[in-house]
There are 2 protein chains.
Amino acid sequence: MSAMARPTPLSGFPEWLPQDRVVEQHVLATLRRTFELHGFAGIETRAVEPLEQLLRKGETSKEVYVLGRLQETEADAAASREGRLGLHFDLTVPFARYVLENAGKLAFPFRRYQVQKVWRGERPQDGRFREFVQADIDVVGAGSLPYHYEVELPLVIAAAFAALAEVGVPPVRILVNNRKVAEGFYRGLGLDDVEAVLRSIDKLDKIGPDAVAALLVAEAGADEVQARACLELAAVHGSDAGVVDEVRALAARHGVVSELLDEGLAELGALVTAAARRAPGVVVADLKIARGLDYYTGSVYETVLVGHEALGSVCSGGRYDTLASDGATTYPGVGLSVGVSRLVSRLLSAGLVRATRGVPTAVLVAVAEEEQRERSETVAGALRARGIPVEVAPSAAKFGKQIRHADRRGIPFVWFPGTGGAADEVKDIRSGEQVPADAAVWSPPAEDLHPRVVPAGPAPDVS
Amino acid sequence: MSAMARPTPLSGFPEWLPQDRVVEQHVLATLRRTFELHGFAGIETRAVEPLEQLLRKGETSKEVYVLGRLQETEADAAASREGRLGLHFDLTVPFARYVLENAGKLAFPFRRYQVQKVWRGERPQDGRFREFVQADIDVVGAGSLPYHYEVELPLVIAAAFAALAEVGVPPVRILVNNRKVAEGFYRGLGLDDVEAVLRSIDKLDKIGPDAVAALLVAEAGADEVQARACLELAAVHGSDAGVVDEVRALAARHGVVSELLDEGLAELGALVTAAARRAPGVVVADLKIARGLDYYTGSVYETVLVGHEALGSVCSGGRYDTLASDGATTYPGVGLSVGVSRLVSRLLSAGLVRATRGVPTAVLVAVAEEEQRERSETVAGALRARGIPVEVAPSAAKFGKQIRHADRRGIPFVWFPGTGGAADEVKDIRSGEQVPADAAVWSPPAEDLHPRVVPAGPAPDVS
């Protein structure tokens, strides 16, 4: 490559320095481990889908990056959209396609996780990127899918964040609502334009209850009493079955009778009850959650980092009665998607967690003279054979220089091969302690073997 | 998503079923582990680069996928290339850019690995894809980079493939050559159009020595004697320092005197000597290797799977004196890139390795009645807390049906929670053995805990 000016980052396309990548890798490894403990199989789909699949829902068209070939650029302008490819903007559309494509080879209910980049051509903002990593879990059934998966999946996410909390990730609150509760209540009130009600309720945090009431009247055909009832429903929240009683009482006051509402309340009640036992304090029913209720058909989930609520949801999802369908079979699903890049960028920018070092190396083997490099390589090989990450010094140099080389990288140990029959020695460059050592048996302390991710306290390690 | 016809795969965009993805994950985990044992830090770069960076070398323009926004399609046709983005076609161009962008924050020599998808709009063939995974290692220096890294890096790859051989991946042969040897020899012969000679030699396997000799005369300005000398050099190969002696003798016969040749031979000799000791039989000097010699400046590497040579190289690379440069500083580098998708697709299509199961789940906890699901969830939680991957049966069913559910997925154990004070029991569904068990202490045998990747013998496991 010829000389180029120092490049600058592309807005919306985050990249991490090695030390920060250790944090991201830890988050990803923790998610994968939790998902696998719960029996989710990892799959990966291609990054591209036919454009007509990506645009099925219509409203996402603004976000899709379309692929072109350089030579075709002029012809493309005239070409139809058919046969063209775009980058996926989430992992749900490709997963639905994968399920249909491989339905005969999958065992249902099919539990899968998927950790990949997705792309959206949106205006970048804090926590909102053009290229970012999502980590999804879904369970999909063939023909039917029992409700209990709507209870299980947010609890898998709760388990993942509980594991992340050990390294300093803030606790989360998983906010849940249920389409059936909202729709049953609105219809029972006499409001049949459910989408219009949801659109209005969705603005509650932004414009406040009075303006939402006015919107409900203007756009959802509500009268003042109906509008107030919708706002009362939206105010219900809590982390135990009391929320169900509250909604029942509210429905009774407004003369709402609805089988759909009853079904939704039974579901919501089962979720908060199981969650209160298995992940106390994490799952909160919040009946003002409207985002996603327009396309999900049962439970919906949003997840906020406690203390970082303004960041927006770091894990969202819900239940689809029709994740996919090939005409003969319908595949219902329930899933959640962790916004890994949003989470990690906040962990780093807010200084919440840090890696103990940016290199995997636990031991730098010094080289006294270039002619003795093979001697150092032999030591390195012996240590690696026992699982210890090692690099050999880049050049023969005075030992002080080699120690500075290790120090700059956060490598905790420097190994000095013995010369003239003397024993090898290894120095902990933090304490300065240097002891004789045999590469066939010596190991670093377990906490120094690999970089670790730890809560970023006010003071960094002294090194 | 509304109903759609069963989708069909996109040619050139491979995807794996869960069982095969386990194989890919194992290959990736083995590569990462080996790279980290050797002190390489993992980084990830964005998938896109400015188009003008991707097209710097010119000849790759055919391969680049350009990103467009849907609304801009018509305008795009007229738009200049400036400011446009394309998908990276390798990991070297983005790494070079990352190094320049972050030079002030990296410690040199910088050792990094990078495992990501890349995209090339080529015609798909066996082992050649439009979207595929590469796993790269590089060491890059600021200003200079000692030769010994050209010895070390192919040996890291040899170590990775040695680890993969344990699960049935065929052994590899790493073929090496050196630009300095070829250029020094050709120039010493009086042939100054080195690129033309290399282009001719590169056709040796395809068109044979006589046709190459004719090409050398026609296109590289060689006479018959010079052409024959080039072919004699190309015929030299071997896995010890004997190759150096052979080339020296050949040079002497043709009166070739070249400092560059001497330097290259010293390097090549050091590489095969170290390799013969540290990875016997793996590294072979092969002086007909010409691919890459036109842009690498020292060692070049190609890697074939023994018995699958026609697949092409599964790991290639070499030394660049100028991986990147910002004018003030030049960054030389040496690296290799494993073609993970090419390797994995062959492992699967040739039936060389297989996963013991396609789900992470080691234990399926049965549910006798839907009302007792929480009892089963409690068992599952206790097992997971000790690192055992578990799923709970999708629905209450007779035990025979639950065993079939596990069997279809390859889950080795089914757990039956005890009822009415009876002890829990766990069944190994392969042997049929069923024993009382306590979720607080029971563990599956270590070999059943996670899916394993094993050589695919002629007969699959009996289950």
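Copies are superposed by least squares on the C-alpha atoms of residues with pLDDT of at least 70 in both. This is a predicted model, where local features need pLDDT of at least 70, side-chain atom pairs count only at pLDDT 80 or more, and totals for chains, interfaces and linings use all residues. Residues are numbered from 1 along each chain as its sequence is written, chains are lettered from A and ligands numbered from 1 in the order in which they are written, and side-chain values use heavy atoms, with hydrogens and water left out.

**Exercise 1. Work out which rotation takes chain A onto chain B.**

Step 1: Two copies of a chain are related by a rotation about an axis and a shift along it. Here, turning chain A by 180 degrees with 0.0 Å of shift along the axis puts it on chain B, at an RMSD of 0.0 Å.

Step 2: The two copies are thus related as by a two-fold rotation axis. In chain A, Leu67(A) has the C-alpha nearest that axis, 2.5 Å away.

Step 3: Now for the interface. Of the interface residues of chain A, 100% are also interface residues in chain B, so the copies meet through the same surface. (Contact means heavy atoms within 4.5 Å.)

**Exercise 2. Find the edge strands of the nine-stranded sheet in chain A, then say which helix packs on it.**

Step 1: Helices (H or I, at least four residues) and strands (E, at least two) are DSSP runs, numbered from the N terminus. Two strands pair if DSSP finds at least two bridges between them.

Step 2: Write down the order, E1-E5-E6-E12-E11-E10-E7-E9-E8 (chain A), for an open sheet with mixed pairing. Strands E1 (41-42) and E8 (237-238) of chain A are at the edges with a single partner strand each, so one side of each has no neighbour in the sheet.

Step 3: Zoom in on one pair. E7 (residues 172-178) and E10 (residues 299-305) of chain A run antiparallel, joined over seven bridges. Across from Arg173(A) you'll find Val304(A) in E10(A).

Step 4: Add the helix. H5 (residues 148-165) of chain A packs on this sheet, and the strands it touches include E5 (110-119), E6 (131-140) and E12 (330-339) of chain A. The direction of H5 makes about 20 degrees with that of E12(A). (Axes are lines fitted to C-alpha atoms, for helices over the stretch in contact, and angles run from 0 to 180 degrees between N-to-C directions.)

**Exercise 3. Describe how H8(A) packs against H9(A) and H7(A).**

Step 1: The axes of H8 (residues 204-220) and H9 (residues 224-234) of chain A come within 7 Å and cross at roughly 150 degrees. That makes H8(A) roughly antiparallel to H9(A). (Angles under 35 degrees count as roughly parallel, over 145 as roughly antiparallel, 65 to 115 as roughly perpendicular and the rest as oblique.)

Step 2: Check who meets whom. On the H8(A) side, residues including Val212(A) and Leu216(A) meet residues of H9(A), among them Ala227(A) and Leu231(A). Sorted by class, this contact has ten nonpolar, no polar and one charged residues. (Ala, Val, Leu, Ile, Met, Phe, Trp, Tyr, Cys and Pro count as nonpolar, Asp, Glu, Lys and Arg as charged, and the others, Gly among them, as polar.)

Step 3: Turn to H7 (residues 194-201) of chain A. H7 and H8(A) pack at about 155 degrees with their axes 7 Å apart, and H7(A) and H8(A) are therefore roughly antiparallel to each other. The class count for this contact is eight nonpolar, one polar and one charged residues.
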